Amino acid sequence: MKNKQFYDFLIKVQAIAKTGLVYSTDPYALDNYHEISDLTKTMLEHFQEVKFDRNNYFTKFVYPTPNISVRTVVFNKKGEVLMVKEKVDGGYSLPGGWCDLYESASDTAAKEVKQEAGVIIKDIKFVGLLHQIPFKHHVTIPAFVAVFKAQVAKDLKRHCYETTDVKFFNPKKLPKLSFKGTKEEITRMIKAAQMDKVIFD
């Protein structure tokens with residue numbers, strides 16, 4: 001493996017470990033994430049003399065910037081929109097999630113729809129970039145969401161543990177929503193996808 005590829009690999013593994021430490025509650029998993037984090041830190045320090053006791057991009061807020069996530073609007077032939085039921089609160093949302101390191105926004109969109117809805121998508125188009133603070137009063141860290149529209153290429157008929165149901169809904173009769181998205185925000189995303197009009201801010 002070339003140096004650049006190996007370095008990128010270590011960064012990716014370090015990011016996975018940090019995410020696991022934030023979201024996992026299983027003691028065994030947390031021990032493993034701590035060990036993976038320590039191992040990659042040691043390897044990175046030796047690899048390029050990166051010191052983790054000084055400011056660098058492994059410290060979250062060296063320079064405070066917004067987080068970035070994606071949401072994808074997927075229509076069926078009836079014009080209904082694909083939504084997933086979130087295990088965390090029993091409400092529905094458009095499939096999506098946080099962007100990972102070294103992964104494009106459109107790649108993240110395709111990955112999240114596949115994981116959360118069990119659907120492979122095609123013809124992915126960018127339709128918006130929204131600042132989430134105006135929509136979500138509980139958000140304390142500024143975040144932007146990249147909005148995409150897409151079509152179903154294949155239904156795998158299975159989804160990940162984060163969601164408990166996958167359905168298409170009439171855009172005018174949305175179900176109970178998850179805290180992950182307000183009605184105003186989701187309606188705006190759906191309208192942008194319907195009109196092929198890019199929205200922002």
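Leaving aside its neighbours within four places in sequence, with which residues is Leu94 in contact? In this predicted model, local features need pLDDT of at least 70 and side-chain atom pairs count only at pLDDT 80 or more, whereas totals for chains, interfaces and linings use all residues. Residues are numbered from 1 along each chain as its sequence is written, and side-chain values use heavy atoms, with hydrogens and water left out. Beyond that sequence window, Leu94 is in contact (heavy atoms within 4.5 Å) with Arg71, Thr72, Val73, Val81, Leu82, Met83, Ile186 and Met189.

Leu94 also belongs to the largest nonpolar core, which has 18 residues. Such a core is a set of buried Ala, Val, Leu, Ile, Met, Phe, Trp, Tyr and Cys residues joined through side-chain atoms within 4.5 Å; buried means under 20% relative accessible area, exposed over 50%, and partly exposed in between (1.4 Å probe, protein chains only). Val73, Val81, Met83, Leu94, Met189 and Ile190 touch the most other members. At least two residues of this core come from each of β1 (67-75), β2 (81-86), β5 (119-131), β6 (143-155) and α4 (183-195), where helices (H or I, at least four residues) and strands (E, at least two) are DSSP runs numbered from the N terminus. The largest share, 5 residues, is supplied by α4. Another core, of 8 residues, lies apart from it and includes Leu82, Val84, Val113 and Ala117.

Within α4, the buried residues are Glu185, Ile186, Met189, Ile190, Ala192 and Ala193. They cover an arc of only 160° around the axis, and therefore lie on the same side of α4; the arc is that of the directions from the helix axis to the C-beta atoms. These buried residues pack against β1, β2, β5, β6 and β8 (199-200). The face turned away from the buried side carries the exposed residues Lys183, Glu184 and Met195. Just after α4, Asp196 takes a positive phi of about 55°.

Among the strands, which pair if DSSP finds at least two bridges between them, β1 and β6 run parallel and are joined by 9 bridges. Val70 has Ala146 as its bridge partner in β6. The pairing of β5 with β6 is antiparallel, over 10 bridges, and Ile120 is partnered there by Lys154 of β6.

In the loop between β6 and β7 (163-169) stands Leu156, which is buried, with a relative accessible area of 17%. Leaving aside neighbours within four places in sequence, Leu156 is in contact with Lys114, Gly118 and Ile120. The C-alpha atoms of Leu156 and Gly118 are separated by 5.1 Å, although the two residues are 38 residues apart along the chain.
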